[in-house]
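Morning, everyone. Here is the model I promised to walk you through. Please bring it up on your screens.

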Amino acid sequence: MSTQKHAFQAEVAQLLHLVTHSLYSNPEIFLRELISNASDACDKLRFEALANPSLYGDQPELEVRISFDKAAKTLTVTDTGIGMSEAEAIAHLGTIAKSGTKEFMSKLSGDQKADSQLIGQFGVGFYSGFIVADKITVESRRAGLPASEGVRWTSKGDGDFEVETITREARGTSVILHLREDALDFADGWRLKELINKYSDHISLPIKMEGEKWEEGKEEGQPGQMVKTGEWETVNQANALWTRPKKDITDQQFKDFYQQIAHDWEPPLAWSLNRVEGSTEYTQLLYVPSHAPMDLWDRDKKAGIKLYVKRVFIMDDAEQLIPRYLRFIKGVVDSADLPLNVSRELLQESRDVRAIRDGNTRRVLSMLEDMAKAQDTAGTAAATEAPASEGKIDVGSGDSTPAPEPTELQGDAVTDVVDKNDAPTAADAAAKFAEDNESGKYATFWREFGAVLKEGLGEDTANRERIAKLLRYASSTVDTETVSFADYKARMKEGQKAIYYITADTAAAARNSPQLELFKKKGIEVLLMTDRVDEWALSFLREFDGTPLQSVAKGAVDLGDLQDEAEKKAAEAAAETVKPLLEKLKDVLKNEAEDVRVTTRLVDSPACLVVKDAGMSMQLARMLKQAGQ
Ligand code: ADP
Ligand code: MG
């Protein structure tokens, strides 16, 4: 039997150096990571076995066993999952594949203290084992391979690892940690049980430990000791978190579960668990993260929803279950109706899937509405509460800007959904927010994800009104992005007939635009649209709650009743006097400008450029130019 030496990928070596030299602040997370890998491995086996039941061999049980040997100073995590072939062990335990780990590394600052807190938030997967072990041995056999094709992987966590072929009767993997002297307290039944409860209670798999009992010393004066009973006992709850009654789940358990599925060690802003009944039955557990991932703007970013069918894990990143503009949402959907062998292709055509996506969308929007309401009630937003039930939005049709309508969202019969937990959820959430006085949650959400939500105006016709109510902008009178359309309307001047906005690259550019002069003079608030997506998104929104939206940079701005008669007359008179000049300007600029007009909109500046009403705005034109069109 030969032993081969392999060098770690450079990043792994770098990471290991860090793990073994400086990251001790949160040593216990290694157990969370190893159990989560064991659980993933069992999920993978369950899934592969759907097509090939013989993979179970003579071991139908999927479970994790945790054992320790005080004398040998080892701690072992064994699972009956999919296992690894030799090639897989080399590939998976020698490189960093996980994006969360890469993200972790990119955030390292070099400051030991800050970095060691980061590891607690992220975890570094398998390599976390080296926080407590000076040597790790992994023994594994992939399901379906003969016992003679087992593998032993060993490393001391320095530059390299060794691999040899072994005979292993049991399918699955054992990770054997050779504990450091300063980590020997993990070789203790109570301590381990406590950690399993803390980190892994929500794992749907039984996590077992050998029972122990106290045995008195055999002779007078000899101390008693704990001895193993040989009975394996399940120490976690071992049913998937989302299958339990909501009232039995603590906030901490919800948060822990989020960390596990999202690989995000910062707590989520909000979550919602619901069993939905009706023509389509499913359980949804959805989370709003508290910060944007690095790849939020990556066009190929995967959605964060895991799909289960009757508790069986089917796939990660099921993008059919959530619209693209909510791609930052994390969670689990467990369907009672889909077939177990459902493929991505099949998902695209399924009516059930469409019903689930619509249900998820509505749920997320109501979570966001709750957050926004909590913030308004807390009085951080200066404005009055949105007239939630009155908002009415006209769909932007016949607009000159490109309006790609995703047809799949339209004409979809809304499934009759009976949501058992609907009322308590909203109330629960509102109460929770009020209680924690976490009134800044919506502001956080908006800062991190607001620009993505705006995509929904174009993408989700059915929910356009609800989305519009969730939008927040800065304005000519409010510096922070906290003004809703409803706030704006409540402050409109007597006689004002439109919601005015201006698009620009930055808030400063918007504020200094000559197009704003007249509005400032008249004391009319103007919303500042400074996201790249604003122009496109607003092309889908012609009005809010019966009031048209009007760009101050487009066409002739008619201030209607706000314009006083004297001004109008003066302008008309001026137009007469400067008519010859206008004609001249029109002639000189005939290739550059479509029209030259006298205006009342300027106060200090002599001239400004505007776009005709139906024209593309300058901002959009600039964007298209940048995109090479
Ligand atoms: P992640 O779990 O995010 O993929 P880890 O560093 O925790 O990252 O694990 C790296 C890889 O090693 C896993 O993706 C998996 O392929 C493999 N692996 C780790 N533990 C096990 C296990 N118990 N059984 C099978 N494969 C495992
Ligand atoms: Mg892992």
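Start with β1 and strand β6, residues 160-166. They pair in the antiparallel sense, over five bridges. Take His6 as a handle: its bridge partner in β6 is Phe161. Keep in mind that this is a predicted model.

Now widen the view. That pair belongs to an open sheet of nine strands with mixed pairing. The order runs β1-β6-β5-β4-β7-β3-β2-β8-β9. Which are the edge strands? They are β1, residues 3-7, and β9, residues 225-234, each pairing on one side only. On average, neighbouring strands are turned by 20° against each other, direction ignored.

Next, the helices on this sheet. α2 touches β2, β3, β7 and β8, and its direction makes about 20° with that of β3. α6 packs on the sheet too, touching β2, β8 and β9. Its direction makes about 150° with that of β8.

These two helices also meet each other. α2 covers residues 29-51 and α6 residues 189-200; they pack at about 65°, axes 10 Å apart. The crossing is right-handed. From α2 come Leu31, Arg32 and Ile35; from α6, Leu195, Tyr199 and Ser200. By type, that contact is four nonpolar residues, one polar and one charged.

Over to α9, residues 351-377. Its 27 residues reach 39 Å from first C-alpha to last, close to the 39 Å expected. Is α9 mostly covered or mostly open? Mostly covered: 19 of the 27 residues are buried.

Last, the whole protein. We have 19 helices and 21 strands. Of the 629 residues, 38% count as buried. Thanks, I'll take questions.

Technical notes
Residues are numbered from 1 along each chain as its sequence is written. Chains are lettered from A and ligands numbered from 1 in the order in which they are written. This is a predicted model: local features need pLDDT of at least 70, side-chain atom pairs count only at pLDDT 80 or more; totals for chains, interfaces and linings use all residues. Axes are lines fitted to C-alpha atoms, for helices over the stretch in contact, and angles run from 0 to 180 degrees between N-to-C directions. Helices (H or I, at least four residues) and strands (E, at least two) are DSSP runs, numbered from the N terminus. A crossing is left-handed if the near helix is turned anticlockwise from the far one by less than a right angle, and right-handed if clockwise. Two residues are in contact if their C-beta atoms, placed from the backbone, lie within 7 Å. Ala, Val, Leu, Ile, Met, Phe, Trp, Tyr, Cys and Pro count as nonpolar, Asp, Glu, Lys and Arg as charged, and the others, Gly among them, as polar. The expected span of a helix is 1.5 Å times one less than its number of residues. A residue is buried if 20 or more other C-beta atoms lie within 10 Å of its own, exposed if 12 or fewer, and partly exposed in between; C-beta atoms are placed from the backbone. Two strands pair if DSSP finds at least two bridges between them.
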